[in-house]
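The following exercises are to be worked with the sequence and the coordinates at hand. Each task is followed by a solution in steps.

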Amino acid sequence: MAETLRMAFPLLQAAQAQKHVTVNEALLRLDGLVNLVLVSRGVVTPPTSVSDGACYGVPAGAVNAWAGQAGKVAIGANGGWVFASPAAGWRAFIADEGRGALHDGTDWVAGAVTMSAHGAGLMLGVAEIDHTIAPGETSSTTVLIPSHAMVIGVSARVVSEITGTMTSWQLGNAGAPDRFGAGLGLAAESWARGMLSQPMTFWAPEPLLLTATGGSFAGGKVRLAAHFMEISLPML
């Protein structure tokens with residue numbers, strides 16, 4: 001037996017020379033995989049500077065040192081890479097997406113908090129953008145709420161002071177301009193926590209709508225985050 005069954009850590013062999021090499025490789029794997037943080041799961045070209053313990057989810061089409069390793073976790077070790085094969089139930093935090101993920105035995109499912117034996121799951125998600133307010137009485141964002149998502153609420157923080165002739169502003173969507181808040185502040189660092197009393201499902205992608213109260217917008221910037229749940233279908 002050359003390696004452990006679950007984590008594929010290399011095992012010392014009888015009368016093995018340079019035992020420290022095997023032990024150090026196992027420790028580097030362990031250091032990367034415990035409380036696993038994936039720098040990214042979408043990078044196809046390995047970074048030229050390898051940091052020990054840095055982990056990446058290797059995507060399809062990866063090249064160079066990651067060629068042929070799709071689906072595995074690449075762990076930086078001694079200036080190169082060692083690889084681990086994730087199994088169903090592994091958890092990770094994907095740093096460049098800002099959310100956790102659960103492995104379903106085939107791929108990482110971002111935001112998953114539950115997972116059935118056949119891949120049906122409940123996902124929690126947050127979509128965040130910085131929205132620059134255009135002059136006028138209303139300012140619409142790009143699409144923020146995804147299709148078939150049950151929205152719990154929307155939160156906001158004023159990044160740059162909102163200027164114009166208005167006295168406050170509202171946050172909502174088309175047809176419900178104050179769904180997520182009204183009488184909101186204009187100064188930098190003002191905030192809104194628009195929790196819905198009843199979660200609402202959006203069946204099509206939806207932008208948010210900012211509406212000026214008592215005047216119109218001239219400018220400003222607001223950081224917006226939509227908080228939602230999704231469900232996935234069982235696999236065959």
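**Exercise 1.** Determine whether the end-to-end distance of helix α1 agrees or disagrees with its expected span.

*Solution.* Helix α1 covers residues 19-33, with helices (H or I, at least four residues) and strands (E, at least two) taken as DSSP runs numbered from the N terminus. The expected span is 1.5 Å times one less than the number of residues. For the 15 residues of α1 this gives 21 Å, and the end C-alpha atoms lie 22 Å apart, which agrees.

The model is a predicted one, in which local features need pLDDT of at least 70 and side-chain atom pairs count only at pLDDT 80 or more, while totals for chains, interfaces and linings use all residues. Residues are numbered from 1 along each chain as its sequence is written, and side-chain values use heavy atoms, with hydrogens and water left out.

**Exercise 2.** Identify the buried residues of α1 and state how they are arranged about its axis.

*Solution.* Buried means under 20% relative accessible area, exposed over 50%, and partly exposed in between (1.4 Å probe, protein chains only). In α1 the buried residues are T22, A26, L28, R29, G32 and L33. Viewed down the axis, they fall within an arc of 160 degrees and so line one face of the helix; the arc is that of the directions from the helix axis to the C-beta atoms. These buried residues pack against β2, β3 and β4, where contact means heavy atoms within 4.5 Å.

**Exercise 3.** Classify the ring pairs that involve W81 with Y56 and with W66.

*Solution.* Rings of Phe, Tyr and Trp (its six-membered ring) pair if their centres lie within 6.5 Å; planes under 30 degrees apart count as stacked, over 60 as edge-to-face and the rest as tilted. The whole structure holds three aromatic pairs. One of them joins Y56 and W81, edge-to-face at 5.9 Å between centres and 80 degrees between planes. Because Y56 lies in strand β2 (residues 55-57) and W81 in strand β4 (residues 80-84), this pair ties together parts 25 residues apart in sequence. Y56 is buried at 11% relative accessibility, and W81 is buried at 16%.

For W66 and W81, the centres are 5.2 Å apart and the planes at 80 degrees, so this pair is edge-to-face. W66 sits in the loop between β2 and β3 (73-77), 15 residues from W81. Y56, W66 and W81 thus form one aromatic cluster.
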